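Me: I have a model open and would like to learn how to read it. Could you take me through it, one feature at a time?

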Amino acid sequence: MSGKETSRNRLARNLGATLLAIGTCIGSAHAATVHVSMTAREVEVPIDNEGNKKLAWTFDGHVPGPLVRATEGDTIVFTLKNDPANKNSHSVDFHAARTDVLSSFGPIKPGETKNFSFTADHPGIFFYHCGSDPMIQHIARGMYGAIIIDPKDPNAMPKADREYVLIEAEMFDNPEDVQAMMAGNWHRIAHNGIPFRYDPVHDVHATQTLEAKPGERVRIYLVNAGPNNFSGFHPIAGIWDKVYPSGNPQNALSGMQNYTVAPGDAATFDIISPVEGANALVNHSLRSALSGAIAILMFSKTADPTMGRGDKILPR
Ligand code: CU
Ligand code: CU
């Protein structure tokens with residue numbers, strides 16, 4: 001189309017888009033409509049820092065699924081397609097939504113597509129996951145992700161210099177063994193799909209750490225995918241400056257050493273280091289930490305400026 005488009009057509013199209021944007025702003029105090037589409041895909045994904053793979057059930061082929069971000073007041077129009085090559089029904093359950101569980105979150109057969117919309121009327125960090133039966137297995141096999149709803153008042157929270165999303169989840173040796181999931185027989189814990197993903201101290205195959213400069217406010221969004229385990233989130237050699245349960249600015253706690261995030265819950269953790277060096281962000285339930293729930297946050301004056309920003313908020 002671009003080759004044949006005349007400058008007059010282009011001008012008209014741009015003007016139309018501009019008027020539409022102005023109309024949206026005037027009509028609803030800058031609330032936007034955010035279209036989010038995902039495809040449930042049953043594919044192999046990496047399960048460790050060495051690149052070994054296992055069949056997973058995923059949103060868009062990745063564990064965790066895509067990071068969704070919108071602003072308080074926005075309308076989110078969500079479309080889920082279940083890839084026709086899949087063997088199982090899938091669905092989505094957005095903790096950020098107030099809607100009808102049956103019509104919005106119900107199962108979708110392979111080859112089918114469904115959509116629903118909701119208004120994101122509570123700011124914070126929220127879990128999303130597949131809710132198809134057995135839900136414990138759909139989550140354990142990888143169908144989970146995070147949605148950030150930024151407050152509409154940009155001054156509701158102190159401005160973060162960098163942001164990271166960490167999704168903690170139990171991993172089971174045999175993804176077909178639902179009884180092992182019911183019994184809690186996990187042997188590894190993942191951060192964003194992989195144990196010790198950001199911890200080269202405990203796994204020499206880990207290739208990255210979370211990075212920031214001393215004095216910067218680093219905002220960690222911790223989502224606990226479970227399916228069963230609680231996470232007592234502690235920064236070794238640091239103190240959480242602020243903790244916001246569910247990420248809502250009205251829930252501010254100060255000077256916390258540890259805050260427990262239940263399965264299916266999430267919270268926002270701010271940390272500032274006065275010195276160069278490392279903090280180790282752990283689930284202080286030590287079986288969890290030593291099974292993979294440790295992320296190194298490196299503070300240095302030469303921190304990579306791309307880390308904690310853009311697509312490096314959830315580094316893959
Ligand atoms: Cu599913
Ligand atoms: Cu849920």
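Reply: Gladly! One term before we start: helices and strands here are DSSP runs, numbered from the N terminus. With that numbering, Pro64 is found in the loop between β2 (53-59) and β3 (68-71). Please keep in mind that this is a predicted model.

Me: Then how many helices and strands does the protein have?

Reply: There are five helices and 19 strands.

Me: Since it is predicted, what pLDDT does the protein average, and where is the pLDDT below 50?

Reply: The average pLDDT is 92, and 91% of the residues score at least 70. The stretch to treat separately is residues 1-28, where the pLDDT is below 50. Beyond near neighbours in sequence, that stretch has three contacts in the model.

Me: What radius of gyration does the protein have, and what would a compact globule have?

Reply: The idea is to set the value beside a rule based on chain length. For 316 residues, a compact globule would have a radius of gyration near 20 Å, and the protein has 21 Å, so the two agree. Along the principal axes, the C-alpha atoms fill a box of roughly 60 × 50 × 40 Å. Buried residues make up 40% of the 316 residues. Of the contacts with a separation of 6 or more, 71% are between residues 24 or more positions apart.

Me: Which domains does the domain assignment give, and how do I read the contact between them?

Reply: The assignment gives domain 1 (33-150) and domain 2 (162-312). Their centres, taken over C-alpha atoms, are separated by 21 Å. The contact takes 26 residues from domain 1 and 32 residues from domain 2. On the domain 1 side, the elements giving two or more residues are β1 (33-46), β7 (124-129), α3 (135-140) and β8 (144-150). Of these, β7 gives the most, with five residues. That side divides into 17 nonpolar, five polar and four charged residues.

Me: How many residues has the largest nonpolar core, and which of them have the most contacts inside it?

Reply: The largest nonpolar core has 74 residues, and those with the most contacts inside it are Ala146, Leu222, Val223 and Ala266. This core draws at least three residues from each of domain 1 and domain 2. Try selecting Ala146: leaving aside neighbours within four places in sequence, its contacts are Pro64, Leu67, Ile125, Phe127, Val165, Ile167, Tyr221, Val223 and Ala266.

Me: Pro64 again! What should I look for in the backbone there?

Reply: Start from the general expectation: most residues other than glycine have a negative phi, and most peptide bonds are trans. The peptide bond from Val63 to Pro64 is cis, with omega near -5 degrees. Another cis peptide bond joins Gly226 and Pro227, with omega about 15 degrees. Pro227 lies in the loop between β12 (218-226) and β13 (231-236).

Me: And which phi values does the model give for Asp60 and Ala237?

Reply: Asp60 has a phi near 65 degrees, a positive value in a residue other than glycine. Asp60 is found in the loop between β2 and β3. Ala237 is not a glycine either, yet has a positive phi of about 75 degrees, and its place is the loop between β13 and β14 (240-245).

Me: Are those two buried, partly exposed or exposed, and why?

Reply: Count C-beta neighbours inside 10 Å. Asp60 has 15, so Asp60 counts as partly exposed. Ala237 has 12, so Ala237 counts as exposed.

Terms used. Residues are numbered from 1 along each chain as its sequence is written. Chains are lettered from A and ligands numbered from 1 in the order in which they are written. This is a predicted model: local features need pLDDT of at least 70, side-chain atom pairs count only at pLDDT 80 or more; totals for chains, interfaces and linings use all residues. A nonpolar core is a set of buried Ala, Val, Leu, Ile, Met, Phe, Trp, Tyr and Cys residues joined through C-beta atoms within 7 Å. A residue is buried if 20 or more other C-beta atoms lie within 10 Å of its own, exposed if 12 or fewer, and partly exposed in between; C-beta atoms are placed from the backbone. Domain bounds come from an automatic or database domain assignment. Two residues are in contact if their C-beta atoms, placed from the backbone, lie within 7 Å. Helices (H or I, at least four residues) and strands (E, at least two) are DSSP runs, numbered from the N terminus. Ala, Val, Leu, Ile, Met, Phe, Trp, Tyr, Cys and Pro count as nonpolar, Asp, Glu, Lys and Arg as charged, and the others, Gly among them, as polar. The radius of gyration is taken over C-alpha atoms; the globule rule is 2.2 Å times the number of residues to the power 0.38. pLDDT is the predictor's confidence in each residue, from 0 to 100.
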